[in-house]
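Here's a quick tour of a protein model, aimed at someone just starting out. Have a look at the picture first, then we'll walk through it topic by topic.

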Amino acid sequence: MEMISVQQAEEIVLSQYQDYGKESISYDLVIGRVLAEDILADRDLPPFDRPTVDGIAIRFTSYEEGFRSFNIKTIQSAGETSVAIDSEDQCIEIMTGAALDSTVDTVIRYEDITVDNGIATININIKKGQNIHLKGKDKKAGEILVNANQVITPAIIGIAASVGKTSLWVKKLPKIAIISTGDEMISPELTPTAFQLRRSNGVTISSVLEKYKIKADLIHLNDDYEEIKKELSNYIDTYDILLMSGGVSMGKFDYLPQVCEELGIKKLFHKIKQRPGKPFWFGKSQNQKLVFAFPGNPVSVFMCLHRYFIPWLERSLEIPQSSPLYAILENDIEFPFSLQYFAQTKLQINKQGQLIANIVDTNGSGDFSHLAETNAFVELPLEQNTFRKGEVYKVWQYSFLNL
C-alpha cells in the first residue's frame, strides 16, 4: 500500500468510530464525562412566582385605586409558605426568592419605599408585575434543560442537582492500553546509561487522556518478536484500543507491522505523507479492536495523537465537533519536502483579535523540548514548500493559550 495523504488517513480513522454504550454513575463522579441523556425539568422553573428583590408585595389594583401606604401584615422569607393579604391596604414584606401568594402581584424594592411603624409607603411610580420572576418563565416541567452529547461541566452538575438527578447516564469509555516498545527505553525513575532513554511517550499519552477521564494502562515491551506477538495477542482481546509508540518504521527491530499481520489485525494504512509521524500504522482486529501504532519519536506521538486519535475519540463519544481553528502566520517558513508539515507553533491573539501562529524552529521529531513552550501544530499543505507571513492555515491546539 502506498503512502496516503493526511486527509485520506483522517477519513479512514474517523470511519472506524465506535459506540461503547452508556452507564449510570453518581453525579459527584461525572465531571468531564460525556452526558448520554437529556436532563429535563422535573417541575416548572421557577416552581412558583418569586420576587427578584427584597421589599414589599402588594396587589396592583390597590395602587390603581390610589393606595400608596400599606400595613405590613408579616415578613416572609425564602422557603416559607406563601402568605396572603386580607385587604387592599395590606402588603407582605418579602425577601428575594420567596414564594408569592396569588393575592399579591407586584413587588417594590426597599430602596423605593419608606417604612415607619409597620406602614410601608411607596415613593415611586410602579408597574404591574414588576420585580417578579414568574412561575415557569425559564422552563416548563418536562422541557430539556441540558442536551445530551456534551462534556459535563460544573454548571451541568449544578443543573442536574437542582432537578434531583443524583445519577446521570454517561458515555462509556473505551478500555485503552498504552504500549511503548524498544530495548533502549527504561523506566523514568531509573538512571540511563549513555545509550539509553527514559520512557516518556506512555505517560504523555496517558496525561492527554486524563482530560477525557480515561485511565489507561501503561505497558512496555522489549524488541523481542515472540514476546511482542504473545503479549499483543492477549492485549487485543483484553482492550478496546491499543495506543502504541515505536516499532513501526523500517528498522531491523521494528516488528509491529509484521506481528499485527500474523495476529490477523488488518492494516488500514501504514505511512502518511506527513512530517512528523510518517510511519504511523493503523489497523483493526477481527473483533473490531483498533490499533493506533505511532512512530516512537515524542513529537510524532504528540502530533498523531492530537491529529488523529483525539478526533476519533470525540466522534466515538459523540462530543460535538468544534469549528476548525485557523491562524495567521507570524513568520516565513520553508519546507522543501513533498510532505504535509505540522510545525510546532505558539498561538497568540493580537490587539485586533486575530489568532497569530509564531512557528518555532526545532530539530526534528525527536526534539520534544519545545512542546512546553508551544501550544499547537500548524498544518502546512504538502502542495507547496514556501509559506509566508500573513497567510492563514489550520492549527491543531494541544494546550491552552496563555493570554
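Let's start with a bit of vocabulary: a residue is called exposed when its relative accessible area is over 50%, buried when that value is under 20%, and partly exposed in between. By that yardstick Lys215 is exposed, because its relative accessibility is 66%. Keep in mind that this is a predicted model.

**The overall layout**
- The protein splits into four pieces: domain 1 (6-20 + 173-317), domain 2 (24-44 + 150-171), domain 3 (50-133) and domain 4 (325-397).
- Domain 2 and domain 4 have C-alpha centres that sit 39 Å apart.

**Salt bridges**
- There are 11 salt bridges in the count.
- Lys215, the exposed residue from above, pairs up with Glu210, and their closest N and O atoms are 3.2 Å apart.
- Glu210 is partly exposed, since its relative accessible area is 34%.
- Lys229 and Glu262 also make a salt bridge, at 2.7 Å from N to O.
- Lys229 belongs to helix 5 (residues 225-238) and Glu262 to helix 6 (residues 256-262), so this pair ties together parts that are 33 residues apart in sequence.
- Both partners are partly exposed: Lys229 has a relative accessible area of 26%, and Glu262 comes in at 43%.

**A link between distant parts of the chain**
- Arg307 and Glu10 meet through their side chains in a salt bridge of 3.0 Å, N to O.
- Arg307 sits in helix 7 (residues 298-316) and Glu10 in helix 1 (residues 6-15), which puts the two 297 residues apart.
- Arg307 counts as buried because its relative accessibility is just 2%, while Glu10 is partly exposed at 22%.
- Thanks to shared partners, salt bridges join Glu10, Arg307 and Glu379 into one network.

**The sheet and its helices**
- Six strands form an open sheet with mixed pairing, in the order 16-13-17-21-20-18.
- Strand 16 (217-221) and strand 18 (266-270) are the edge strands; each has a single partner strand, so one side of each has no neighbour in the sheet.
- On average, neighbouring strands here are turned by 20° against each other, ignoring direction.
- Strand 13 (residues 176-181) runs parallel to strand 16, and 5 bridges join the two.
- Within that pairing, Thr181 stands opposite Leu221 of strand 16.
- Helix 5 packs on the sheet, where it touches strand 13, strand 16, strand 17 (241-245) and strand 21 (290-294).
- Helix 7 lies across strand 13, strand 17 and strand 21, and makes about 160° with strand 21.

Terms used
Residues numbered from 1 in each chain as written. Predicted model: local features only at pLDDT ≥ 70, side-chain atom pairs only at ≥ 80, totals over all residues. Heavy atoms only, no water. Domains from an automatic or database assignment. Salt bridge = Lys/Arg side-chain N within 4 Å of Asp/Glu carboxyl O. Helix = DSSP H or I, 4+ residues; strand = E, 2+ residues; numbered from the N terminus. Buried < 20%, exposed > 50% of the residue type's maximum accessible area, 1.4 Å probe, protein only. Pairing = 2+ DSSP bridges. Axes fitted to C-alpha atoms, helices over the stretch in contact; angles between N-to-C directions. Contact = heavy atoms within 4.5 Å.
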